[in-house]
Amino acid sequence: MQAVVFRNPETRAEVTEVTLDAPKQGEVRVKIAAAGVCHSDLHVKRGEWDAPAPMVMGHEGAGTVVELGEGVTSLAVGDHVVLSWVPPCGECRYCLQGHEARCQKVVEINNAHGSLFDGTSRLSRTEDGEPLRHYLSVSSFAEEVVVPVSGAIKVRDDAPLDVIAVVGCAVATGVGAVLNTAGVEPGATVAVIGCGGVGLNVVQGAKLAGAERIIAIDIVPEKTAMALQFGATDRIDGSQRDAVEQLFELLPDGADYVFDAIGRTSTTEQAIRMLGLGGAAVIVGLPPTGAKASFEPLVLAEADQRILGSNYGSVRPSIDIPALVDRYMDGQLKLDPLISGRRPLAEAAEALDDLETGGVLRTLLIP
């Protein structure tokens, strides 16, 4: 099959002939309908994260089950699935406590080694048999994937696969950060720093939660204008003057919740400074490895404030992903405006370039 292989930041990702082995016990093979290009892929491209290479890129996608591994009974050939980049093992203490986004086995085996649960890969370069690594248990920049069955989430058949692909990362991460990680209450005041694919879903999540004020903050006016369509009540142009000052002009008491959907040191520090008494700063966007932010612990303690990290929106994939698809089909969530365009798999490198310019939200790769 064709797949997008990444080797190092000095070389462009390239489409290569790749051999995909059959699924083993507890795994399934999925034919990809669409794969989303995310900022996490950009971090890998830039060399800002430690990621096992060479690898087949991509961690957001949707498709159709075409083969079952031994022992798989929860899915059938032909099922429509959204891929989850956290396939819960169901056995570690975090999974047993219901905190599946923290799955210990995924962190220590799959992510650390670029493998599936048995520590091995199903991917190799066809030309010479060179082993290739999985990216976040998915590797969706390909015609087909083999994933753990817990990472292939069955959804309703009438949902368009080339749209709901974005549910697997952008939507689950953004909406989940509001509803699961922060638990935003009706009537709360919310600020969102960064109105890209994830940030707009934070805005949508805040609207679903019943927030009274939702303030969209970005340095690109077109993005905050779009945020109004997703439920924002106010917008701040961070390119004009200090965003913190502008926030306090709108909310003199500060915000109850501030979501950093960018993940830079500067935006994390801004999020903390925007908080009111008892407020929570929620770190959703992921920074480069080793980045450090600073804050005054005394101020945080005296104001009874919190800093929360949100990995994958604290979701339980098998429960939350189908529910998010249902919300889209019922008209409660906007997904179509998140998709800036569609490109063939061969144009993956160009799609990553588009994302780096900041001019797109989500590009879908269509094998």
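**Sheets, barrel and cores of the predicted model**

A255 has L275 as its bridge partner in β15. This pair belongs to a predicted model. Strands β14 and β15 run parallel and are joined by 5 bridges. Between them in the unit comes helix α9, residues 265-273; β14, α9 and β15 together form a right-handed β-α-β unit.

Strand β15 also pairs on to β16. The strand covers residues 275-283, and 4 bridges link it to β16 in the parallel sense. At one of these places, I283 has G309 of β16 as its bridge partner. Burial marks β15 as well: 7 of its 9 residues are buried, leaving the strand mostly covered.

These strands sit in a wider sheet. The sheet is open, has 6 strands and follows the order β13-β12-β11-β14-β15-β16. Its pairing is parallel. Strands β13 (234-237) and β16 (306-309) form the edges, each pairing on one side only. On average, neighbouring strands are turned by 20° against each other, direction ignored. In general, strands of a sheet pair through backbone hydrogen bonds, and they may do so parallel or antiparallel.

Two helices lie across this sheet. Helix α7, residues 221-229, lies across β12 (213-218) and β13. Its direction is at about 170° to β13. Helix α8, residues 243-250, lies across β11 (189-193), β12, β13, β14 (255-260) and β15. The angle between α8 and β13 is about 155°.

A second strand assembly is a barrel. It is closed, and its 5 strands run β1-β2-β7-β8-β4. Here the pairing is mixed. One antiparallel pair consists of β7 (residues 123-125) and β8 (residues 131-134), joined by 2 bridges. Within that pair, S124 has P131 of β8 as its bridge partner.

Nonpolar side chains tend to be buried together in soluble globular proteins. In this model, the largest nonpolar core holds 95 residues. The members that touch the most others are M57, L83, I164, V171, V184, F259 and L335. Beyond its neighbours within four places in sequence, L335 is in contact with V163, I164, V166, V167, V171 and Y328. Another core, of 17 residues, lies apart from the largest one. I193, I236, A255 and I272 are among its members. A255 thus appears both in this core and in the bridge to L275.

The UniProt record, an unreviewed entry, lists residues 10-366 as "domain: Enoyl reductase (ER)". This span is 30% helix and 26% strand. Its end C-alpha atoms lie 25 Å apart.

Conventions: Residues numbered from 1 in each chain as written. Predicted model: local features only at pLDDT ≥ 70, side-chain atom pairs only at ≥ 80, totals over all residues. Heavy atoms only, no water. Pairing = 2+ DSSP bridges. Helix = DSSP H or I, 4+ residues; strand = E, 2+ residues; numbered from the N terminus. Axes fitted to C-alpha atoms, helices over the stretch in contact; angles between N-to-C directions. Contact = heavy atoms within 4.5 Å. Core = buried A, V, L, I, M, F, W, Y, C linked by side-chain atoms within 4.5 Å. Buried < 20%, exposed > 50% of the residue type's maximum accessible area, 1.4 Å probe, protein only. UniProt positions renumbered as here; feature names shortened; annotations may be inferred. Right-handed = clockwise from strand over helix to strand, strands pointing away.
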